[in-house]
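Visitor: I would like to learn how to read a model such as this one, feature by feature. Could you start with the general idea each time and then turn to the case at hand?

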Amino acid sequence: MTFTNEMIENEISRRSVLQYALAGGVMASTGLIGSAMAATKPVTAKTINRQWILKSRPAAAISMDNYEYRETPLGEINLKDGEILVRHTIFGMAPATRVAMSGGSGLTVGMPTGQIVRGGGVSEVVMSKNKRFPVGSLTMGVGGWEDYTIADGEKLTQGPLPKGVDPIDLMSVLGGNAQTAYIGMTKIGEPKPGELVVVSGASGSVGSVACQIARIMGAKVIGIAGGAAKCETLMKEYKIHGTIDYKSEKVSEKLKQFAPDGVNVYYDNVGGTIMQDVVDQMAHHGRVVLCGTVSSYNSGNPAPGPRDMLGIVTKEIKMQGFELPSYMKERDTTVAALKKWKDEGKLIGKVDIREGFKNLPATLELLFSGDKEGTLLLRSDA
Ligand SMILES: NC(=O)c1ccc[n+]([C@@H]2O[C@H](COP(=O)([O-])OP(=O)(O)OC[C@H]3O[C@@H](n4cnc5c(N)ncnc54)[C@H](OP(=O)(O)O)[C@@H]3O)[C@@H](O)[C@H]2O)c1
């Protein structure tokens, strides 16, 4: 189907941009719409609402001690006019969740302890006193890591998702992470045809889209990822030109082989030693897109900057950070460009879907162990 601006306006909340950005980013056609729109299960006062609470801020790597798991009956639900009760069906897993657990940074607002872990996803309306959100409709960006949330539908700027649209697409190919890749690559990296682009976290939700956009723009693309399987996917499915498996290969040496004349654009998702290795190999007038530093989020230490600032001066390198919500005005054109590439078959992606509400903390961990590919989602059993 064709997305009109009006539909996209409906799909993505202006107010909860960041929650939407938390929701995911690569593209996929999963056929999940059937399960996301499964017949509404009855909700009674005895229905259990499971919740994951942020008990304490993690000092370094997050552990189960930082969470509290609760099960509470919903009790009698007496919705006020305008309110809806939603059941959360699909959760998006995002590194920003971990940043928010530590108190936040920039536009990622810190999560208060003692409250439900915040996170984006798809929710089904199960009770409604709001004509805009009929029972059975789906919406995004409401609530957090719990089964059920009561929301004031009058205050939600996002409407229900249009019928017939796979919500997984809205969490992946048209979602916040794909938009992030688009903005970072087209507005900051700006690769020219024939230039050499390196992307770290290349098989991830943002990274795999960033790789493909650079390829579509005519660049030669090298992706850095952990493990042979991810590197094979990058070559065969995302059709980039070369890979570096940072877990088994020396990044600095491989870079010299791939980029004897230097790297023109580096799209950095990870920071740390990988960032240092690539920055050391930048070409004159290179551009470094600072998208995130996932290697540091679970370490308790801030990501260090590059060690040779004079090298950056003398090579006249541009390094620029950015946050997607600052580019809201570009949203419609960004989504339209991604949609066009998807329809043309130029942009493909993978979604890694785990199961079971109780597995939310363990699934978040996979972002840091790397034991997943593409956009990581969790389908609830509520
Ligand atoms: N600026 C913005 O507006 C914005 C918006 C969204 C996301 N982001 C950032 O974009 C980056 C990617 O986010 P995402 O949602 O797409 O996550 P993701 O890449 O799908 O998942 C994280 C990946 O990071 C890699 N990784 C984890 N620890 C690492 C380490 N120590 N060293 C190297 N690689 C490591 C792992 O892949 P491997 O197995 O390959 O190592 C893992 O799969 C994050 O830094 C995130 O904060 C920024």
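Guide: Let us begin with burial: a residue is buried if 20 or more other C-beta atoms lie within 10 Å of its own, exposed if 12 or fewer, and partly exposed in between, the C-beta atoms being placed from the backbone. Helices (H or I, at least four residues) and strands (E, at least two) are DSSP runs, numbered from the N terminus. This is a predicted model, in which local features need pLDDT of at least 70 and side-chain atom pairs count only at pLDDT 80 or more, while totals for chains, interfaces and linings use all residues. Residues are numbered from 1 along each chain as its sequence is written.

Visitor: How many residues of strand β2 (residues 67-73) are buried?

Guide: The number is zero out of seven, so β2 lies largely in the open. Its partner is strand β1 (residues 48-54), which pairs with β2 in the antiparallel sense over seven bridges, two strands being paired if DSSP finds at least two bridges between them. Within this pairing, I48 has P73 in β2 as its bridge partner.

Visitor: What do single residues look like on that burial scale, and what is the value for the protein as a whole?

Guide: In the protein, buried residues make up 47% of the 382 residues. D169, placed in helix α5 (residues 167-171), counts as buried because it has 24 C-beta neighbours inside 10 Å. A228, in helix α8 (residues 228-236), is exposed, since 12 other C-beta atoms lie within 10 Å.

Visitor: How far from D169, C-alpha to C-alpha, is V351?

Guide: The two C-alpha atoms are separated by 9.6 Å, although D169 and V351 are 182 residues apart along the chain. For the protein as a whole one counts contacts (two residues whose C-beta atoms, placed from the backbone, lie within 7 Å); among those between residues at least 6 apart in sequence, 70% join residues at least 24 apart.

Visitor: In which order do the strands of the six-stranded sheet stand?

Guide: The sheet is open, with parallel pairing and the order β12-β11-β10-β13-β14-β15. At the edges stand β12 (242-245) and β15 (318-321), each with a single partner strand, so one side of each is left without a neighbour in the sheet. Neighbouring strands are turned by 15° against each other on average, direction ignored; here axes are lines fitted to C-alpha atoms, for helices over the stretch in contact, and angles run from 0 to 180 degrees between N-to-C directions. Strand β10 (residues 196-200) runs parallel to β13 (residues 263-268) and is joined to it by three bridges, and V198 has Y266 in β13 as its bridge partner. Helix α6 packs on the sheet, touching β10, β13, β14 (282-290) and β15, with its direction at about 145° to that of β14.

Visitor: Which residues are closest to the ligand?

Guide: A residue is near a molecule if its C-beta atom, placed from the backbone, lies within 6 Å of it. The ligand is surrounded by 31 residues, the closest being G204, S205, G226, G292 and G370. Two or more residues come from each of α4 (95-101), α6 (176-189), α7 (205-216), α11 (294-297) and α14 (360-369), and α7 gives the most, with three.

Visitor: Where does the ligand lie with respect to the domains?

Guide: Domain bounds come from an automatic or database domain assignment. Domain 1 (5-172 + 350-379) and domain 2 (176-326) both give residues to the shell around the ligand, so the ligand lies between them.
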